[in-house]
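Student: Could you take me through one part of this model closely? I would like the backbone oddities in the loops.

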Amino acid sequence: MALRELSALEARVLAVLVEKAFTVPDSYPMSLNSLTLGVNQKTARDPVMNASEADVAAALDELKAMSLVNTVSGSRVLRFEHNMKRVLGIPGQAEALLTVLMLRGPQTAAELRLNAERIHKFADVSSVEGFLDELAERDPPMARKLPRAPGAREQRWTHLLSGEPDVPAGASGASAGAALAGHAASAVQSGRDPRDEEIAALRADVEQLKAAVARLQAELGMTP
């Protein structure tokens with residue numbers, strides 16, 4: 001089904017509904033209050049949002065107009081449930097990957113496998129990549145592999161339900177080279193060894209990756 005691009009808040013609301021259906025089934029379907037808390041959650045969210053209940057209610061109205069969300073009657077408190085898998089025509093594995101991408105932003109296939117575990121357990125990274133490739137090959141595509149970031153060993157994936165990400169086209173590979181070249185040029189101008197500058201830049205990237213892994217371990221309660 002062809003849908004218009006979702007706003008960042010609409011994507012977050014939809015993803016929270018999918019996530020909570022698996023992680024806290026006793027509280028699902030969700031009330032507006034609990035859904036707003038999930039949208040503004042400080043952990044496992046990137047970026048962190050600060051939406052009001054009125055903002056979330058407006059997003060729900062838009063999602064209901066696209067049949068992505070249904071209202072559940074029969075309760076004193078109005079509750080909401082998602083309809084994402086049926087409307088988008090995707091399997092549960094793809095639903096899990098899109099949900100985590102909408103909640104946490106661009107990630108590698110390995111990160112997605114780890115972060116999607118509470119929604120769907122993937123056997124290995126190759127199975128994650130298989131479903132990502134299927135999402136990328138749909139018409140219109142729902143996911144895309146981003147250019148490799150400077151110093152990164154693996155490329156990250158992003159969802160396209162909110163449109164194309166703001167990433168320069170054709171930057172794969174060249175971005176890392178350009179970054180290192182810039183360090184080398186500045187080193188030459190200052191009389192330092194360019195190789196020392198390159199090593200320092202790579203070390204900084206490694207430290208950033210270590211911090212990201214430590215953050216994931218902390219969120220999952222894992223011991224480093």
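Tutor: Here is a walk through the loops, after a short overview.
This is a predicted model, in which local features need pLDDT of at least 70, side-chain atom pairs count only at pLDDT 80 or more, and totals for chains, interfaces and linings use all residues. Residues are numbered from 1 along each chain as its sequence is written, and side-chain values use heavy atoms, with hydrogens and water left out.

The protein chain has nine helices and five strands. These are DSSP runs, numbered from the N terminus: helices are H or I, at least four residues, and strands are E, at least two. Of its 224 residues, 38% count as buried. Buried means under 20% relative accessible area, exposed over 50%, and partly exposed in between, with a 1.4 Å probe and protein chains only.

Start between helix 1 (8-23) and strand 1 (30-31). That loop holds P29. The peptide bond from Y28 to P29 is cis, with omega near -5 degrees.

Move on to the loop between helix 2 (32-39) and helix 3 (53-65). P47 sits there. D46 and P47 are joined by a cis peptide bond, with omega about 0 degrees. A44 lies in the loop between helix 2 and helix 3 too. A44 is not a glycine, yet its phi is positive, about 55 degrees. A44 is buried, at 13% relative accessible area.

Last comes the loop between helix 3 and strand 2 (69-72), the place of S67. Phi of S67 is near 65 degrees, again positive in a residue other than glycine. S67 is partly exposed, with a relative accessible area of 31%.
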